[in-house]
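Visitor: Could you take me for a close look at one spot in this model and then work outwards from there? I'd like to hear what sits around it and how the pieces connect.

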Amino acid sequence: MKKTVQVVAAIIENEHREILCALRSRHMSLPNMWELPGGKVKEGEDLFTALERELYEEMSCRIQGQEVFHENVHEYDTFIIQLIAIKAKLVQGVPQKNEHAQLIWLQRENLASLHWTPADIPAVEALMNETLK
Ligand SMILES: Nc1nc2c([nH]c(=O)n2[C@H]2C[C@H](O)[C@@H](COP(=O)(O)OP(=O)(O)OP(=O)(O)O)O2)c(=O)[nH]1
């Protein structure tokens, strides 16, 4: 039976309403694909705590989770991922690419130009369809 992993991923917007997109490096699983930064939730860990921890580990910045925006389940060949995309705000520092190959900020309408990990596509589509206040 495939293992299900719970992964939290951050939707961080800058002052131009651009979204932070991260390119997985060739040393990571799913290499050379774009993702919303985040990672696996540890057993017993709160979703927001996991997200804040992952961003600090991977990008040396402090964020604050605000609300769950989208949730979906995707089946890869070797595991099943429950991807929880959470809106978050940057509270300290500038995201650094400690592990990723590249970081970029993109307007919503340009998100479709990237090659996203399959699990992220529903959340990215929802983000592109979101009506902004
Ligand atoms: N962080 C993150 N991971 C994602 C996304 N979409 C997606 O399929 N994934 C996959 C990649 C990884 O297999 C897993 C997240 O694990 P992780 O980011 O903590 O990476 P990790 O180094 O611990 O993973 P692994 O190499 O042990 O598989 O979920 C996403 O948007 N963000």
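Guide: Let's start at L36, which is buried because 27 other C-beta atoms lie within 10 Å of its own. The cut-offs here: 20 or more such neighbours make a residue buried, 12 or fewer make it exposed, and anything in between is partly exposed, with C-beta atoms placed from the backbone. Keep in mind that this is a predicted model, so local features need pLDDT of at least 70 and side-chain atom pairs count only at pLDDT 80 or more, while totals for chains, interfaces and linings use all residues. Numbering runs from 1 along each chain as its sequence is written.

L36 belongs to the loop between strand 3 and strand 4. Helices (H or I, at least four residues) and strands (E, at least two) are DSSP runs here, numbered from the N terminus. Setting aside residues up to four places away in sequence, L36 touches A9, A10, I11, A85, D120 and A123; a contact means C-beta atoms, again placed from the backbone, within 7 Å. I19 sits 17 residues from L36 along the chain, and their C-alpha atoms are 8.9 Å apart.

Follow I19 and you land in a sheet. It's an open one of 3 strands in the order 3-2-7, paired antiparallel; two strands pair if DSSP finds at least two bridges between them. Strand 3 (34-35) and strand 7 (102-107) are at the edges with a single partner strand each, so one side of each has no neighbour in the sheet. Strand 2 (residues 18-23) and strand 7 share 6 antiparallel bridges. I19 has L106 in strand 7 as its bridge partner, and C21 has I104. The pairing of strand 2 with strand 3 is also antiparallel, over 2 bridges, with L23 opposite W34.

On the other side of the L36 loop, strand 4 (38-40) takes us to the ligand. The shell has 15 residues, and the closest are S29, E35, G39, T117 and A119; a residue counts as near the ligand if its C-beta atom, placed from the backbone, lies within 6 Å. Strand 1 (3-12), strand 4 and strand 6 (79-92) are the elements that give two or more residues to that shell, and strand 4 gives the most, with 3 residues. By type, the shell splits into 8 nonpolar, 4 polar and 3 charged residues. In that scheme Ala, Val, Leu, Ile, Met, Phe, Trp, Tyr, Cys and Pro are nonpolar, Asp, Glu, Lys and Arg are charged, and the others, Gly among them, are polar.

G39 is worth a stop, since it lies in strand 4. G39 is partly exposed because 19 other C-beta atoms lie within 10 Å. Ignoring neighbours within four places in sequence, G39 is in contact with V7, E54 and E58. L20, 19 residues away along the chain, is 15 Å from G39, C-alpha to C-alpha.

E54 and E58 bring in helix 1 (residues 47-59). Its 13 residues reach 18 Å from first C-alpha to last, close to the 18 Å expected at 1.5 Å a residue, where the expected span is 1.5 Å times one less than the number of residues. Buried along helix 1 are A50, L51, E52, E54, L55 and M59. Their cover includes strand 1, strand 4, strand 5 (62-75) and strand 6. Right after helix 1, S60 adopts a positive phi of about 50°.

Next comes C61, in the loop between helix 1 and strand 5. C61 is partly exposed because 18 C-beta neighbours lie inside 10 Å. Beyond four places in sequence, C61 contacts L55, Y56, L90, Q92, G93, V94 and P95. V91 is 30 residues from C61 in sequence, yet their C-alpha atoms are 7.8 Å apart.

That leads into strand 5 and strand 6, a hairpin with 3 residues between the strands. They pair antiparallel over 12 bridges, with H74 bridging to I81 in strand 6.

As for the record, an unreviewed UniProt entry places the feature "domain: Nudix hydrolase" at residues 3-128; UniProt positions follow the numbering used here, feature names are shortened, and annotations may be inferred rather than shown by experiment. Residues 3-128 are 17% helix and 44% strand, and their end C-alpha atoms lie 30 Å apart.

Methods. Two residues are in contact if their C-beta atoms, placed from the backbone, lie within 7 Å.
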